[in-house]
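Trainee: I would like a close look at a single part of this protein. Please take one place where charged side chains meet and work outward from there.

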Amino acid sequence: MTVLDPDLNADHSATGTKKLPRQRDHALRVEPMLALEWSHAIEAAGGVGVADSPAATRRAWIHRADEEQVLALFRAVGPDAPAPWWLRALSRGRIASRAAAFAIEDEVTRLLGSRPGWVFVPWASEGEVGYWEFVPSESGVYGPAEPTTVQFTDRHPGFVDLLPAHRGPGQRQPIEFTVAELREQIEDLENIA
C-alpha cells in the first residue's frame, strides 16, 4: 500500500514562483501488507458454512491458485502464519504436493464419513482444515468428555493424529497414525471410546 503525504505543497514557497508540487522525500513510503494478503488467501470464498468434509471447505485462494505461487506467498509471510497442515508439510518438503494432501484428507473422509457416529467439524483454528469427532465418545460414566478426535497434522509422515476421548484435567496426547493404520484399527478405536 502506498501512503502519500497530504501536504503536496509543503516545500512550495509563498513567493509566487511556480514549482511543481512534490512529495517530501520521507513522505512516500510503501508498507508491506503480506499479513492482510495472507488473510485473504486463506479465507474461504462465501464462508465455510456447513461442511461435511475437508473437500467442502476447499474454497480459498490457497486451494485454487498455482501451487508454487501459494507456497511462495506462505514462505514470504513466514512459518508461523495460520495455514492448513498440508501447506506447512509442503513448505518443509514432507509431502509431494497439495493434491497428495487432498488425497489423504479424502481417504480419511471415505473411511470416517461412511461410519456411524463420526462427524466432521469444519471450524478449526484459522487457516486449518477441520477435524473428525466420534460423537458416542463424548459422554461417559462420569459425565461429558472431549470426544475421540482425528485430525490432520504436519508433525509426522503419517499426517493423521488420533486424540483419544478425554475426561478430567490435563492435555490429550495425540497418537500418530497413517491412514492405513487408522483403517486397520478403526473398529477397535470405536469400541474403546
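Mentor: Start with R88 and D154, both of which are buried. The model is a predicted one, and what follows should be read with that in mind. D154 counts as buried because its relative accessibility is 6%, under the 20% limit. R88 has a relative accessible area of 17%, so it also falls under 20% and counts as buried.

These two residues form a salt bridge with each other, the closest N and O atoms being 3.2 Å apart. The pair links distant parts of the chain: R88 belongs to helix α4, D154 to the loop between β7 and β8, and 66 residues separate them.

D154 has a further partner, R92, and their side chains meet in a salt bridge at 2.1 Å, N to O. R92 sits in the loop between α4 and α5 and D154 in the loop between β7 and β8, so this pair ties together parts that are 62 residues apart in sequence. R92 is partly exposed, because its relative accessible area of 46% lies between 20% and 50%.

R88 likewise has a further partner, E128, with 3.0 Å from N to O in that salt bridge. Here the link runs from helix α4 (residues 85-91) to the loop between β3 (118-121) and β4 (131-134), with R88 and E128 40 residues apart. Through shared partners, the salt bridges join R88, R92, E128 and D154 into one network. A search of the whole structure finds nine salt bridges.

Now consider the strands on either side of the loop that holds D154. Strand β7 (residues 148-152) pairs with β8 in the antiparallel sense, over four bridges. Within this pairing, T149 has L163 in β8 as its bridge partner. Strand β8 also runs antiparallel to strand β9 (residues 175-177), and three bridges join them. In that second pairing, L162 is matched with I175 of β9.

Strand β8 (residues 160-163) is covered on both faces: V160 and L162 are buried on one side, D161 and L163 on the other. The general pattern is that side chains in a regular strand alternate between the two faces of the sheet.

From the strands, the path leads to V150. Not counting residues up to four places away in sequence, V150 touches V108, L112, W118, Y131, W132, V160, D161, L162 and L182. V150 is also among the residues with the most contacts inside the largest nonpolar core, together with W38, W85, L87, V108 and L182. That core has 40 residues, and helix α5 (residues 98-113) supplies the largest share of them, six residues. In soluble globular proteins, nonpolar side chains tend to be buried together.

For the wider setting, the protein has six helices and nine strands. Of its 193 residues, 39% count as buried. The protein exposes about 11,400 Å², and carbon and sulfur atoms supply 55% of that area. Among contacts between residues at least 6 apart in sequence, 42% join residues at least 24 apart. To return to the starting point, R88 and D154 are both buried, and they belong to one network with R92 and E128.

Conventions: Residues numbered from 1 in each chain as written. Predicted model: local features only at pLDDT ≥ 70, side-chain atom pairs only at ≥ 80, totals over all residues. Heavy atoms only, no water. Core = buried A, V, L, I, M, F, W, Y, C linked by side-chain atoms within 4.5 Å. Buried < 20%, exposed > 50% of the residue type's maximum accessible area, 1.4 Å probe, protein only. Helix = DSSP H or I, 4+ residues; strand = E, 2+ residues; numbered from the N terminus. Contact = heavy atoms within 4.5 Å. Areas by Shrake-Rupley, 256 points an atom, 1.4 Å probe, with all protein chains shown as cover. Pairing = 2+ DSSP bridges. Salt bridge = Lys/Arg side-chain N within 4 Å of Asp/Glu carboxyl O.
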